[in-house]
Amino acid sequence: MPHHALEITLTRPLPPPVLHRAARLLPLAANHDATRLMALVAAKTPQRAAHRLRRLCARLPIDVITTHYPDADHSVLLNVAFPPAVHAALTADARRAQQTPERFLELAVRRALARHADRETDRLDRAVRQLLAHTTPAYLLAAVGHALTRLPERPTP
């Protein structure tokens, strides 16, 4: 049976005793503040692995489970447990669109990511044009190359 690497995002840090109890059910690796966990789960599919992980860890404050590695289509499984009211609204919207809730949500996320990518492309285009108003393309390219060779501490907004 294949194993799937899953990442768990928690709504709050786990106290060490709770993490140790959970790790007795399934080996888990935690980040420094125990808000993200990694697990290897045996299952036929990533979907079954996420479902099995959610059942095993039912007492943990799990926010999201994702596959750690993209599949052959470069997609990552996103497993989210919605509150009942949100789930009901999502199901109703999906039914009106004649889709499954999973497909409806997948398309909504893809549209949101595409909008974000378009906005980011437009923002960068405006920024580059503003920079080019004050320098030459060669200087700008050299500056970008220099900036990319340094390791940033964190991305800037």
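Is Arg129 buried or exposed? At 56% relative accessibility, Arg129 counts as exposed, and the points below take up its salt bridge together with other features of this structure, which is a predicted model.

1. Arg129 and its partner. The side chain of Arg129 forms a salt bridge with Asp125, and the closest N and O atoms of the pair are 3.0 Å apart. The two residues are 4 apart in helix H4, so about one helical turn separates Arg129 from Asp125. Asp125, for its part, is partly exposed, with a relative accessible area of 38%.

2. A network in helix H4. Salt bridges that share partners join Arg103, Glu106 and Arg110 into one network. Within it, Glu106 forms a salt bridge with Arg103, with 3.4 Å between the closest N and O atoms, and these two residues both lie in helix H4, 3 residues apart, which is about one turn of the helix. Glu106 counts as partly exposed at 31% relative accessibility, and Arg103 likewise counts as partly exposed, at 39%.

3. The pair in helix H3. A search of the whole structure finds 6 salt bridges, and one of them brings together the side chains of Arg96 and Asp93, with an N to O distance of 2.2 Å. Both residues lie in helix H3, 3 residues apart, or about one turn of the helix. Arg96 counts as exposed, at 62% relative accessibility, whereas Asp93 is partly exposed, with a relative accessible area of 32%.

4. Two backbone angles to inspect. Gln98 has a positive phi of about 60° although it is not a glycine, and its place is in the loop between helix H3 (84-96) and helix H4 (101-132). With 75% relative accessibility, Gln98 counts as exposed. His74, also not a glycine, has a positive phi of about 65°; His74 is found in the loop between E4 and E5, where it is exposed, with a relative accessible area of 69%.

5. Strand E4 and its neighbours. Of the 6 residues of strand E4 (residues 62-67), 5 are buried, so the strand is largely enclosed by the rest of the structure. Strand E1 (residues 3-10) is joined to E4 by 5 bridges, and the two strands run antiparallel. A further 3 bridges join E4 to strand E5 (residues 78-80), again in an antiparallel arrangement. Thr66 is a useful residue to follow here, since in E4 it is the bridge partner of Glu7, and it also stands opposite Leu78 in E5.

6. A nonpolar surface patch. Leu78, Val80, Phe82 and Val86 make a nonpolar patch of about 300 Å² on the surface. Leu78 is thus named both in this patch and as the residue of E5 opposite Thr66. Val80 lies in strand E5 as well, and it is partly exposed, with a relative accessible area of 31%; because patches are made of residues with over 30% relative accessible area, this value meets the cut-off.

7. A positive surface patch. Lys44, Arg48, Arg52 and Arg55 form a positive patch on the surface. Among them, Arg52 lies in helix H2 (residues 46-56) and is partly exposed, with a relative accessible area of 33%.

Definitions and conventions:
Residues numbered from 1 in each chain as written. Predicted model: local features only at pLDDT ≥ 70, side-chain atom pairs only at ≥ 80, totals over all residues. Heavy atoms only, no water. Patch = residues over 30% accessible without salt bridge, like charges linked within 9 Å, V, L, I, M, F, W, Y side chains within 5 Å. Areas by Shrake-Rupley, 256 points an atom, 1.4 Å probe, with all protein chains shown as cover. Salt bridge = Lys/Arg side-chain N within 4 Å of Asp/Glu carboxyl O. Lys, Arg positive; Asp, Glu negative; His and termini not counted. Charge placed at Lys NZ, Arg CZ, Asp CG, Glu CD. Buried < 20%, exposed > 50% of the residue type's maximum accessible area, 1.4 Å probe, protein only. Pairing = 2+ DSSP bridges.
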